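Biologist: I'd like a close look at one part of this protein, the stretch that carries a domain annotation, and then a sense of how the rest of the chain sits around that. Could you walk me through it in one go?

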Amino acid sequence: MTVKWGLIGASTIARQFMINAIRSQPDGEVVAVMSSDAGRAERYARDNGIPHHFSDLDALLGSPVDAVYISTTNELHLEQTLAAARAGKHVLCEKPLALTSAEARKMVAACRKAGVVMGTNHHLRNAGAHRAMREAIAAGRIGRPIAARVFHAVYLPEHLQGWRIRRPEAGGGVVLDITVHDADTLRFVLGEDPSEISAVVQSAGLASGGLEDGAMTVMKFSSGLIAQTHESFTVRYAGTGFEVHGTEGSLIARDVMTQKPVGTLMLHTAAGEEELSFDREDLYTRALRQFHAAIRGEGAPSATGEDGVWSLAVAEAALESARKGRSVSIDPQLGSGR
């Protein structure tokens, strides 16, 4: 069975990554795109070889699509997901799922009630480097993990700056854009959940309207492991990285917090240094393969809707911690601030 996809949002990420990822599936086809700007929808469809275009959500959902990919601005995700669920469409939604974890839980519940698959597009779970780190930890190669560090300070390209740095009401800011990814990647690689977070944020000159363009966090996990993260829109030359340190060794990954299947992974133990190999499959292609399998009833998406609730709950708690100047408990069922 061919899975016919509709794109809700004529976005850059869809053009750069998702359209090709869908088309790379033997059972995947992009049949429609929707933008509230009718002219943009028409141009986008023409430029990307998409047969149908709409400027109305109900029109797209009424067309013969089986699944939707939502990549609109963050404040629109809730209503668009609820509408897609009512229409019986499977949903793959960009992160953050919504503006609050309470809204995200409504989205997950609606998809569950409708019997459709819901996934969160946390692409980094599909990176070969991160899966190799997860496997090495699970195999005990660094002993008991005790600390981790994520370096995810980058420079936001000019063509993406727009709402992310100027519109608080749209869910802008580096925490909702990048900290959610780092929280999800930590949960995935470590195989456990954060319970508490302390955060500080900054506006280093790029963001406006009260939004933050830099953040640092420290998280405590259920096992007692501690992790620190640095996210930024304003750092041009730092490179990215991910480290996990255990009682018997360390995993050091460089240039892996990216949308591309690149980077290196080193294992450091008493025996010396060992470079670990990992597959270089396109992250989005793997995500779509997992999603299509879930539609067939074979497993779950790489990142589920529940995973998206978790990452958003961490981001909420980080923003609250920065605002209140104290650590905040994390509970995806209750929201932050206990």
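Modeller: Sure. Over residues 130-251 the chain is 29% helix and 34% strand, and the C-alpha atoms at the two ends of that stretch are 10 Å apart. Keep in mind that this is a predicted model. The label comes from UniProt, where an unreviewed entry lists residues 130-251 as "domain: GFO/IDH/MocA-like oxidoreductase".

Let's start with the arginines over rings. R134 has its charged end over the ring of F188, 4.6 Å from the ring centre. R236 does a similar thing with Y155: R236 lies over the face of that ring, at 3.8 Å from the centre.

Now zoom in on A199, which lies in strand β8, residues 194-202. Is A199 buried or exposed? A199 counts as buried, because its relative accessibility is 11% and the cut-off for buried is under 20%. What does A199 touch, once neighbours within four places in sequence are set aside? The contacts are M216, T217, A318, S321 and A322. For a sense of scale, take A199 and S277: they are 78 residues apart in sequence, and their C-alpha atoms are 34 Å apart in space.

Next, the aromatic pairs. The structure holds two of them. One is W5 with F291, a tilted pair with 5.4 Å from centre to centre and 50° between the planes. That pair links distant parts of the chain, since W5 is in strand β1 (residues 3-8) and F291 is in helix α9 (residues 283-295), 286 residues apart. W5 is buried, at a relative accessible area of 0%, and F291 is buried as well, also at 0%.

The other pair is F17 with Y284, and this one is stacked: 4.7 Å centre to centre, with 25° between the planes. It also links distant parts of the chain, with F17 in helix α1 (residues 12-23) and Y284 in helix α9, 267 residues apart. F17 has 13% relative accessibility, so F17 counts as buried. Y284 is buried too, at 0%.

On to the cysteines, which you may well want to know about at the bench. The disulfide count comes to zero. Take C93: the nearest cysteine sulfur belongs to C111, and that sulfur is 9.0 Å away, so C93 is in no disulfide. Why is there no bond from C111? The closest cysteine sulfur to that of C111 is the one in C93, and 9.0 Å is too far for a bond, because the cut-off for a disulfide is 2.5 Å. Both residues are tucked away: C93 is buried at 0% relative accessible area, and C111 counts as buried at 1%.

Finally, step back to the protein chain as a whole. The secondary structure comes to ten helices and 15 strands. The radius of gyration is 20 Å, close to the 20 Å that the globule rule gives for 338 residues, so the chain is as compact as a globular protein of that length. Its C-alpha atoms fill a box of roughly 60 × 45 × 40 Å along the principal axes. Of the 338 residues, 57% count as buried. As for contacts with a separation of 6 or more, residues 24 or more positions apart account for 66% of them.

How values were computed:
Residues are numbered from 1 along each chain as its sequence is written. This is a predicted model: local features need pLDDT of at least 70, side-chain atom pairs count only at pLDDT 80 or more; totals for chains, interfaces and linings use all residues. Side-chain values use heavy atoms; hydrogens and water are left out. UniProt positions are given in the numbering used here, feature names are shortened, and annotations may be inferred rather than shown by experiment. Helices (H or I, at least four residues) and strands (E, at least two) are DSSP runs, numbered from the N terminus. Rings of Phe, Tyr and Trp (its six-membered ring) pair if their centres lie within 6.5 Å; planes under 30 degrees apart count as stacked, over 60 as edge-to-face and the rest as tilted. Buried means under 20% relative accessible area, exposed over 50%, partly exposed in between (1.4 Å probe, protein chains only). A charge sits over a ring if NZ of Lys or CZ of Arg is within 6 Å of the ring centre and within 35 degrees of the ring normal. Contact means heavy atoms within 4.5 Å. The radius of gyration is taken over C-alpha atoms; the globule rule is 2.2 Å times the number of residues to the power 0.38.
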